[in-house]
Amino acid sequence: MIKLERITKSFGTLQVLKGIDVEIGKGEIVSIVGPSGAGKTTLLQIMGTLDEPDTGLVSIDGTIVSRMKQKELSAFRNSHIGFVFQFHQLLPEFTAIENVMIPAFIAGVSTKDSLTRASEILDFMGLKERASHKPNELSGGEKQRVAVARALINNPAVILADEPSGSLDTRNKEELHQLFFDLRNKFGQTFVIVTHDEALAQITDRTVHMIDGIIQ
Ligand SMILES: Nc1ncnc2c1ncn2[C@@H]1O[C@H](COP(=O)(O)OP(=O)(O)OP(=O)(O)O)[C@@H](O)[C@H]1O
Ligand SMILES: [Mg+2]
């Protein structure tokens, strides 16, 4: 589903990724762990086509993304990849359901269809009652689940998450982790999760260890 070959990336004179090869299968849940500064976020951004490698190839779902033009690439990203960040990054002016609908709008889905799909997902996540609340009226765990719902609205094959449970307490953390597995079991999505959470890394299908820009 995701294939990275010989990826290198530098910021100025600092080489952050030093030749990364990694392959992630469809429906796999893979965690990426490693010390701060190892290059985990950089790698995830490159996997998600949010950043470009200096050298190497990235292919997602059989498409070599490095060869795509910007406009084509953003459409591809919006339909194939969902992102979940450490801090939910919901838009404060919009309700939970509106936040979830935004990527569908961008993909050109009608309001009616986006609304139906967003309600289904929020329902699945036990957030039905919270749909019309704005982010500042939601708990941390609820906000993070809304962010996951937003990542799912276009039914992407791949979900990339960067320390998604980093800002949550133990109970919300466990609920969010369980949700990833429920989603994979129900919809077959592929998950790549950067985490400092030992408990999460333990339960994923595979853990990739990164140190100083290389995979161990
Ligand atoms: N845009 C940038 N410009 C310059 N340096 C950068 C940039 N992004 C990241 N770096 C540097 O690259 C290195 C790797 O950063 P990265 O964010 O990938 O690490 P990380 O493994 O995600 O760390 P953490 O666990 O702290 O989030 C760090 O030394 C960081 O300072
Ligand atoms: Mg990081």
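Here are three short exercises, with worked solutions, on the ligand site and pockets of this predicted model.

Some ground rules: in this predicted model local features need pLDDT of at least 70, side-chain atom pairs count only at pLDDT 80 or more, and totals for chains, interfaces and linings use all residues. Residues are numbered from 1 along each chain as its sequence is written, chains are lettered from A and ligands numbered from 1 in the order in which they are written, and side-chain values use heavy atoms, with hydrogens and water left out.

**Exercise 1. Find the residues that surround ligand 1, then sort them by class and element.**

Step 1: collect the residues that have a heavy atom within 4 Å of the ligand. You should get 13, with Ser36, Gly37, Lys40, Thr41 and Thr42 as the closest.

Step 2: sort that shell. It holds five nonpolar, six polar and two charged residues. (Ala, Val, Leu, Ile, Met, Phe, Trp, Tyr, Cys and Pro count as nonpolar, Asp, Glu, Lys and Arg as charged, and the others, Gly among them, as polar.)

**Exercise 2. Pick out polar contacts to ligand 1, then work out how much of the ligand is covered.**

Step 1: look for pairs of N or O atoms within 3.5 Å. The side chain of Ser36 puts an N or O atom 2.5 Å from a ligand oxygen. For the side chain of Thr41, the distance to a ligand oxygen is 2.8 Å. Gly39 uses a backbone N or O atom instead, at 3.0 Å from an oxygen of ligand 1.

Step 2: check the cover. On its own, ligand 1 has 640 Å² of accessible area (Shrake-Rupley method, 1.4 Å probe), and the protein covers 57% of that.

Step 3: assign elements, taken as DSSP runs (helices H or I, at least four residues; strands E, at least two; numbered from the N terminus). β2 (14-24) and α1 (40-47) each give two or more residues to the shell, and α1 gives the most, three.

**Exercise 3. Describe the lining of the largest pocket.**

Step 1: set up a 1 Å grid over the protein atoms alone; a pocket is an open set of points where a 1.4 Å probe fits, with protein on both sides within 12 Å along at least five of seven lines, and lining residues have an atom within 4 Å of a point.

Step 2: list the lining. It has 20 residues, and Asn78, Ile81, Phe83, Pro103 and Arg150 lie nearest the centre.

Step 3: trace them to elements. α2 (70-80), β6 (81-84), α3 (96-106) and α5 (140-152) give two or more residues each.

Step 4: classify. The lining splits into 12 nonpolar, six polar and two charged residues.

Methods:
Polar contact = N/O pair within 3.5 Å; in protein donor to acceptor, adjacent residues only side chain to side chain.
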